[in-house]
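Please open the model in your viewer and keep the selection panel at hand. The tour below goes from one selection to the next and says what is to be found at each.

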Amino acid sequence: MFASRRLARSCLVLALAALQTGCFYRHMAQAPVATTYPYSEQQRMQAAHHWEILARHEADRMLDSERLRFRPLYLAPASAPENGEFARGYRALLTSELVSGGAPVTLDPLSALEVRFDVEVVHHRDRGFVRPTEGAFTALAAGVAVATVPFNHWAEPALGLIPAAMGADVVSGSWTHTGDEEVIITTQVLDGTEVLYSSSNLYYINRGDRGQYAPDRAVRQAPPPPPSVSVSSQW
């Protein structure tokens, strides 16, 4: 009799626990639970050659567009100081790629579609913890394990670093840090007030390169000069 009561109490406790667990996941969240996105990659733009790759990509897409085919294109000059080095370089590269692809590029803005682009620099001020990619810790542990092999089997312990170094040399060309600076580059083709083509691309950039994309913002965000101290011979 006593054993049956204890069994009944245990079953009741388990049932309540299961019910409480279900309530936790269904009804007790006071805020959305933070989760991550599926694994993705984003390139870092840190060379003029990367600007050329972007220009070639956009030119190819514009040449393939049925709405733009055989229509003259006009690229507005980007010589204003606030546009930065990227704006001037990207316009020149995009012009070259369009002409090389057979697009009719003209200097007359009244008889052509307008090609324009916008650059938006994004500065993340509090990104929190960015988890390493899947397998990073496993690879590190494997490298440490390989490095310990020669202590028991090889005559020269330093030789144990060779396999790990060879592996690092193979894959290190694709390594880069995430960083807090990103840039959104949008290229558009307009027919008056109608947008015929629009393409946006996102890249990481180095913090020191911000001025190439938004020099006016870089100036505004520069730290103020230190206060001056006057020196006097009077007491």
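**Strands, core and salt bridges**

Begin by selecting Arg116, which stands opposite Gln188 in S3. What you have open is a predicted model, in which local features need pLDDT of at least 70 and side-chain atom pairs count only at pLDDT 80 or more, while totals for chains, interfaces and linings use all residues. Residues are numbered from 1 along each chain as its sequence is written, and side-chain values use heavy atoms, with hydrogens and water left out.

Next, select strands S2 (113-123) and S3 (181-191), which pair in the antiparallel sense over 10 bridges; two strands count as paired if DSSP finds at least two bridges between them, and the strands (E, at least two residues) and helices (H or I, at least four) are DSSP runs numbered from the N terminus. Adding S4 (194-204) shows a further antiparallel pairing, that of S3 with S4, over 10 bridges, where Thr186 stands opposite Ser200. In the hairpin of these two strands, which has two residues between them, Gly192 takes a positive phi near 70 degrees.

Stay with S3: eight of its 11 residues are buried, so the strand is largely enclosed by the rest of the structure, where buried means under 20% relative accessible area, exposed over 50%, and partly exposed in between (1.4 Å probe, protein chains only). Val183, when residues up to four places away in sequence are not counted, touches Val119, Glu120, Val121, Asn201, Leu202, Tyr203, Ile205 and Tyr213, a contact being heavy atoms within 4.5 Å.

Then select the largest nonpolar core, a set of buried Ala, Val, Leu, Ile, Met, Phe, Trp, Tyr and Cys residues joined through side-chain atoms within 4.5 Å. Among its 27 residues, those that touch the most other members include Val183, Phe86 and Tyr213.

Finally, turn to the salt bridges (a side-chain nitrogen of Lys or Arg within 4 Å of a carboxyl oxygen of Asp or Glu), of which a search of the whole structure finds eight. Select Glu194 and Arg67, whose closest N and O atoms are 2.8 Å apart; Glu194 lies in S4 and Arg67 in the loop between H2 and S1, so the pair ties together parts that are 127 residues apart in sequence. For contrast in exposure, select Glu181 and Arg210, which meet in a salt bridge at 3.0 Å, N to O, and link S3 with helix H7: Glu181 is buried at 3% relative accessibility and Arg210 is buried at 9%, whereas Glu194 is partly exposed at 38%.
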